[in-house]
Amino acid sequence: MSQDIVQEAVFFLHSVFMGVIITFVYDWFLIIRKLIKHGAVWISLEDLVFWLACGLGVFNMLYRENNGILRWFTVIGAMLGMACYKWLVSKLFVQIMSTCIYKIMRVLFKILQIIVKPINWLFKKLRKITNFFRKKIKNFKIYLKSRWPV
């Protein structure tokens, strides 16, 4: 087999892998969106930044491996990688990861509540003590003004 054909085949596989990576990264955006609700403006901004980064990544791959020449089999390879990942892995991956992260966040939130509860109790007690002393100082000021008017 010719060295050129092998090089083109490797480049095609790299473009397929690039499509898989792009879709995998986008799935993390979907997971974050499932966990934290976003508005339309925020989603649009995230998508804009994501696709700009993807464009730069693809351009970098084309520049390094193919002297910046865009060939249709590169686009087809990336689309093939995206489609295969989306059909075979994406839905299950997003569902499992968002569920796991959600459960981890719930456990961490419960632990945080347990940690914060005594601190909150302490602050309430300190607030009562400071309010008590404020009242005493205020009453003392009133007493002093009534005894020694200026």
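This passage looks at helix α2 and at the aromatic pairs of a predicted model.

Helix α2 takes in residues 40-66, and its length checks out nicely: at 1.5 Å a residue, its 27 residues should span 39 Å, and the end C-alpha atoms sit 37 Å apart, which agrees. Along this helix, the buried residues are Glu46, Asp47, Phe50, Cys54, Met61, Leu62 and Asn66. Their cover includes α1 (3-35) and α3 (72-147). Just past the end of α2 comes asparagine 67, with a positive phi of about 55 degrees.

Turning to the rings, the whole structure holds 13 aromatic pairs. One of them joins phenylalanine 24 and tyrosine 85, whose ring centres are 6.3 Å apart; the planes meet at 85 degrees, so this pair is edge-to-face. With phenylalanine 24 in helix α1 and tyrosine 85 in helix α3, the pair ties together parts that are 61 residues apart in sequence. As for exposure, phenylalanine 24 is partly exposed, at a relative accessible area of 33%, whereas tyrosine 85 comes out at 9% and, being under the 20% cut-off, counts as buried. Both rings also belong to a cluster, linked by ring pairs, of Phe24, Trp28, Tyr85 and Phe93.

Phenylalanine 59 and tyrosine 63 make another aromatic pair, this one stacked, with 6.3 Å from centre to centre and 20 degrees between the planes. Here the partners share a helix: they are four residues apart in α2, so about one helical turn separates phenylalanine 59 from tyrosine 63. Tyrosine 63 itself counts as exposed, because its relative accessibility is 56%, and the cut-off for exposed is over 50%.

Methods: Residues numbered from 1 in each chain as written. Predicted model: local features only at pLDDT ≥ 70, side-chain atom pairs only at ≥ 80, totals over all residues. Heavy atoms only, no water. Helix = DSSP H or I, 4+ residues; strand = E, 2+ residues; numbered from the N terminus. Expected span 1.5 Å × (residues − 1). Buried < 20%, exposed > 50% of the residue type's maximum accessible area, 1.4 Å probe, protein only. Contact = heavy atoms within 4.5 Å. Phe/Tyr/Trp six-rings, centres within 6.5 Å; stacked < 30°, edge-to-face > 60°.
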